[in-house]
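Q: Please take a close look at a single strand of this model, and describe how it sits among its neighbours and what part it has in the contact between the chains.

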Amino acid sequence: MQLLKYLKLGDYLIIAVVVILSFLPFKLLKSGQTTSSDATIIAVIRVNNKTVKKINLDHDTIWRFNRNGEENTVQVKNHQIRVIEANCKDQLCVKQGWKDEVGQTIVCLPHKFLIELRNGANAKISSHKKFDHTLVNP
Amino acid sequence: MIRTNKDLERYIFVGILCAQGIILGLIEQSFPPIFAFAPGAKLGFTNVITLLALVILPFKDCILLTFLRLTTTALISGGVSTFIYAATGAFLSLFLMKLALLAYPRLVSLIGVSILGGVSHNFGQLLVASLIAQSKYVMLYLPLLTFSGIVAGILVGFGVKYLLPYTQAITHVQKGLLKNRKGI
């Protein structure tokens with residue numbers, strides 16, 4: 001391997017430290033949560049730092065969220081959630097695909113749109129009345 | 001008189017590197033995304049220019065170069081929010097790469113330095129994203145970005161390794177620059 005010839009001791013050290021540090025958030029954020037496989041998961045939709053909707057992942061639904069023309073369409077299917085359509089510039093939220101584990105997120109930075117998956121054992125399903133969101137199919 | 005010529009040469013060199021960085025950044029934006037598994041990850045061609053500048057220019061010129069490049073890129077292709085993301089990542093990686101370069105070439109090679117730069121660039125951007133979204137769970141995305149940062153860092157490191165001998169062509173400029181660097 002030509003690559004291994006160039007690498008020095010410090011390089012291996014840098015790679016090791018960087019990899020270990022990158023898994024640190026997992027340890028910090030996941031240790032407090034006890035995730036059991038049959039627990040209900042809810043998706044918390046936040047737009048511009050305000051919680052606008054909590055969705056239960058048990059029912060297959062499609063929701064459309066609209067803030068001043070910035071649209072994100074969210075699909076729930078088989079206890080998974082994804083952004084199916086958005087009119088943002090980079091489409092990164094659509095590319096992030098299906099999520100189904102507690103702690104996972106889908107972010108759309110241009111619209112300040114965020115989906116957080118949380119443990120929904122004792123959470124109340126609610127919605128923000130003033131925010132423009134519609135159920136596309138029941 | 002000679003002193004002003006040296007300064008002029010240095011600023012022209014900063015200008016050339018800055019222009020190259022902007023062009024590389026624009027070319028990279030038009031590419032299809034290479035890391036399909038990690039949306040948002042980039043190859044980081046501009047890191048080639050930053051690392052090259054760190055090796056051959058004094059540090060204060062590197063700060064000037066990065067600032068100019070970020071401002072111009074924001075004016076051409078982005079808005080204020082892209083500028084904030086890019087600036088946090090760029091300056092974090094700039095300072096960390098400078099720290100790592102203190103051990104170059106005895107302990108680390110250019111590849112290790114550029115890996116550190118690429119990963120810290122991604123980390124800085126993710127940090128701002130998680131601050132703006134006000135959700136610490138965004139940070140769980142870090143391992144994917146770290147992996148793509150390491151791959152990109154290896155490519156960039158090799159790029160700089162092959163580019164560096166060609167900058168020797170302007171030897172008298174570089175000699176002047178190195179002399180200046182000792183004074184700082």
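**Strand S7 of chain A**

A: In this predicted model, A:Val44 stands opposite A:Glu116, a residue of S7(A). That pair belongs to the antiparallel pairing of strand S1 (residues 41–47) of chain A with S7(A), which extends over 7 bridges. S7(A) also pairs with S6(A), again in the antiparallel sense, and here 4 bridges join the two strands; within this second pairing, A:Val107 is found opposite A:Leu114 of S7(A). S6(A) and S7(A) form a hairpin with 4 residues between the strands, and in that hairpin A:Lys112 adopts a positive phi near 50°.

As for burial, S7(A) is largely enclosed by the rest of the structure, because 5 of its 7 residues are buried, a residue being called buried when 20 or more other C-beta atoms lie within 10 Å of its own.

The strand also has a place in the contact between the chains, to which chain A brings 27 residues and chain B brings 26 residues. On the side of chain A that touches chain B, at least two residues each come from strand S7 (113–119), from strand S6 (105–108), and from the helices H1 (2–6), H2 (9–22), H3 (24–30) and H4 (92–95). The most is given by H2(A), with 8 residues. Taken by residue type, this side of chain A consists of 16 nonpolar, 7 polar and 4 charged residues. S7(A) is thus a strand that pairs with S1 of chain A and with S6(A), and that also supplies at least two residues to the side of chain A touching chain B.

Definitions and conventions. Residues numbered from 1 in each chain as written. Chains lettered and ligands numbered in written order. Predicted model: local features only at pLDDT ≥ 70, side-chain atom pairs only at ≥ 80, totals over all residues. Contact = placed C-beta atoms within 7 Å. Nonpolar A, V, L, I, M, F, W, Y, C, P; charged D, E, K, R; others polar. Buried ≥ 20, exposed ≤ 12 C-beta atoms within 10 Å, placed from the backbone. Pairing = 2+ DSSP bridges.
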